[in-house]
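Hi,

Here is the structure I said I would pass on. Have a look at it first, and my notes follow underneath.

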Amino acid sequence: MRTIGPVLAVTAALLALWYAAVIPMNAQWAQDQARRAGQDLSFSALVADTMSQQRPRLPAPHQVAQELWNSTVVEEMTGRRGFMNTGTLSNRSLVYHGWVTLSATLLGFAIGSVLGIALAVGIVHNRAMDASVMPWAIASQTIPILAIAPMIIVVLNAVGITGLVPKAIISTYLSFFPVVVGMVKGLRAPDQMQLDLMKTYNASGGQVFQKLRWPSAMPYLFASLKVAIAAALVGAIVAELPTGAVAGLGARLLSGSYYGQTVQIWAALIAAAILAASMVAIISALQRLTLRRMGMTA
Amino acid sequence: MRDTVTAPVIAAKDLNLTFQTGDGPVHALKDVTLEIAKGEFVSFIGPSGCGKTTFLRVIADLEQPTSGTIRVNGMSPEAARKARAYGYVFQAAGLYPWRTIAGNVKLPLEIMGYSRADQAARVDKVLELVELSGFQRKFPWQLSGGMQQRASIARALAFDADILLMDEPFGALDEIVRDRLNEQLLDLWARTEKTIGFVTHSIPEAVYLSTKIVVMSPRPGRITDIIDSPLPRERPLEIRDSPEFIDIAHRVREGLRAGHIDD
């Protein structure tokens with residue numbers, strides 16, 4: 001709780017900066033409008049206008065907040081297609097689009113984590129994998145995801161796989177990497193003395209893994225899972241762009257940019273950020289819980 | 001005191017070990033011949049690089065000799081290790097931070113497949129032996145360095161190995177704690193009748209603890225003197241002021257100096 005003060009201070013500073021940027025970014029349009037109407041714009045009127053345009057270049061924070069509120073709570077509670085009226089989520093609400101993206105993110109994250117851990121176990125225990133897997137894993141991450149995502153979607157579409165799975169695969173593609181890197185480091189964390197000790201007990205490879213390597217790797221695992229889940233979300237959103245998907249936060253970003261709905265874009269971006277922050281927070285909580293049970297926090 | 005009839009617990013003959021390093025070969029052990037009888041307390045003393053730790057590690061099958069023979073309990077070191085013939089105490093306690101003290105002592109028992117009830121009984125017994133009863137549920141970071149090292153000794157004692165190999169176990173501890181632990185170790189040795197191999201670079205420690213002191217010197221690592229201690233097994237701390245004690249310490253110091261002259 002001691003961190004709450006600094007966090008609020010930084011948030012306030014960012015909001016102030018944002019508001020300050022809104023005025024010059026949107027001033028041009030406001031002045032053009034005024035000139036066309038043959039009016040003279042006072043500074044206070046100018047500021048008021050830049051904060052309340054329909055399609056601003058840079059929407060003001062309160063506009064984004066309003067849009068977030070309208071497209072979640074208001075839409076679901078009172079909208080014609082909202083949850084209260086139909087019993088299903090409205091396709092105009094960010095709750096619906098957020099869930100579409102989240103489900104792909106979680107599936108991709110789960111596959112990516114398991115794959116990452118499996119590869120790390122292989123790399124640590126198998127000399128051939130140690131020499132061969134890591135360069136490929138690194139190479140896979142140097143390809144821009146924007147380039148490879150459409151190809152994966154199209155290829156999978158051609159074999160009849162659509163919907164959730166292709167998006168999850170792109171999430172997997174981004175999220176396995178931090179897990180591999182972190183877990184290889186974590187599984188190799190025990191020093192030579194610890195391994196020698198295990199040898200004096202004539203411990204089997206499985207026992208060394210279960211009793212020494214795996215527990216040693218826990219702090220590394222959680223650190224890399226935090227990176228991985230954020231990457232998985234990026235993957236799911238990127239996967240929604242190239243196909244012109246009709247649902248998901250990516251689709252909202254895309255349609256927002258088609259129709260110049262900057263407020264909608266920003267609302268979707270903020271929703272994605274909130275989603276990522278919540279997922280990282282959940283993993284942090286799991287981390288604290290696990291490490292405390294292991295007696296690792298002083 | 002020594003039972004000379006039974007076969008030696010550890011017998012090394014013409015043991016050589018050469019490490020290949022980037023700077024050329026390093027002769028860590030040269031023509032080491034030594035016998036250790038059951039129930040002896042043998043200290044290995046010498047400057048760093050004299051091969052004392054390497055020799056201990058050869059006994060434990062953690063290093064492979066280049067030539068020569070070594071038998072542990074009449075077996076090869078590998079067979080002895082697989083038969084879990086020895087407990088090894090390293091310089092650092094090396095307790096798992098995620099296990100309690102009891103959990104740490106239990107570790108070898110879990111690996112060796114002791115029953116749950118047996119595990120608990122043994123943990124209680126060895127923790128009592130190192131005077132750590134009541135600390136079962138503490139985590140390592142809640143204990144002092146000396147207590148951690150005692151826990152690691154308990155861990156090495158938990159299973160029925162009749163050899164205890166200790167590689168500078170008290171090297172990182174201060175003099176006062178060390179004196180206390182030395183006393184406890186002698187007491188523990190008397191109660192358990194184990195054969196102990198003990199690496200140290202402290203002359204008083206070696207003389208105080210040992211029935212046999214092996215003086216080693218570096219480049220190449222070799223034995224320069226083997227001293228059978230005339231001190232009785234029962235040793236109060238005051239024995240360190242006796243003339244016999246000072247005589248042995250003197251001889252050890254001479255042996256160490258001799259090793260350094262032909263550098």
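**Cores**

One thing to keep in mind is that this is a predicted model. The largest nonpolar core holds 79 residues, and Ile59(B), Tyr86(B), Ala154(B) and Leu165(B) have the most contacts inside it. Helix α5 of chain B, residues 145–157, gives the most to this core, with 6 residues. There is also a second, separate core of 52 residues, which includes Ile117(A), Tyr220(A), Leu221(A) and Ala267(A).

Ile59(B) is a good place to start browsing. Leaving out residues up to four places away in sequence, Ile59(B) touches Ile10(B), Ile70(B), Val72(B), Pro77(B), Leu165(B) and Gly197(B). Leu165(B) is thus on two lists: it is named among the residues with the most contacts in the core, and it touches Ile59(B).

**Helix α1 of chain B**

Ile59(B) also belongs to the buried residues of α1(B). How many of the 8 residues of α1(B) are buried? The count is 8 of the 8 for this helix (residues 52–59), so α1(B) is largely enclosed by the rest of the structure. Besides Ile59(B), the buried set consists of Lys52(B), Thr53(B), Thr54(B), Phe55(B), Leu56(B), Arg57(B) and Val58(B). Check the backbone just after the helix too: α1(B) is followed by Asp61(B), which has a positive phi, near 65°.

**Helix packing in chain A**

Over in chain A, I followed helix α5 (residues 94–125). Two of its partners are worth a look.

The first is helix α12 (residues 262–293): the axes of α5(A) and α12(A) come within 11 Å and cross at roughly 50°. That angle is why the two helices count as oblique to each other, and their crossing is right-handed. On the α5(A) side, Leu94(A), Gly98(A) and Leu102(A) take part, and they meet Ala267(A), Ala268(A), Ala271(A) and Leu275(A) of α12(A). By class, this contact has 6 nonpolar residues, 1 polar and no charged. Ala267(A) is a residue you have already met, as it is included in the second core.

The other partner is helix α8 (residues 164–187), where the axes come within 5 Å and cross at roughly 35°. Here too α5(A) makes a right-handed crossing. The residues of the contact between α5(A) and α8(A) divide into 21 nonpolar, 9 polar and 1 charged.

**Two residues in chain A**

Val121(A) sits in α5(A). Is Val121(A) buried or partly exposed? It has 19 C-beta neighbours inside 10 Å, and because being buried takes 20 or more, Val121(A) counts as partly exposed. Its C-alpha is 21 Å from that of Ile169(A), with the two positions 48 residues apart in sequence numbering.

Pro219(A) lies in helix α10 of chain A, residues 205–240. With 18 C-beta neighbours inside 10 Å, Pro219(A) is partly exposed as well. Pro219(A) and Leu68(A) are 151 residues apart in sequence, and their C-alpha atoms are 35 Å apart in space.

**Where the chains meet**

Finally, the interface: 16 residues of chain A are in contact with 19 residues of chain B. On the chain A side, α9 (192–200) and α10 each supply at least two residues, and α9(A) gives the most, with 6. That side of chain A has 8 nonpolar, 5 polar and 3 charged residues.

Over to you!

Definitions and conventions. Residues numbered from 1 in each chain as written. Chains lettered and ligands numbered in written order. Predicted model: local features only at pLDDT ≥ 70, side-chain atom pairs only at ≥ 80, totals over all residues. Core = buried A, V, L, I, M, F, W, Y, C linked by C-beta atoms within 7 Å. Buried ≥ 20, exposed ≤ 12 C-beta atoms within 10 Å, placed from the backbone. Helix = DSSP H or I, 4+ residues; strand = E, 2+ residues; numbered from the N terminus. Contact = placed C-beta atoms within 7 Å. Nonpolar A, V, L, I, M, F, W, Y, C, P; charged D, E, K, R; others polar. Axes fitted to C-alpha atoms, helices over the stretch in contact; angles between N-to-C directions. Parallel < 35°, antiparallel > 145°, perpendicular 65-115°, else oblique. Left-handed = near helix turned anticlockwise from the far one by under 90°.
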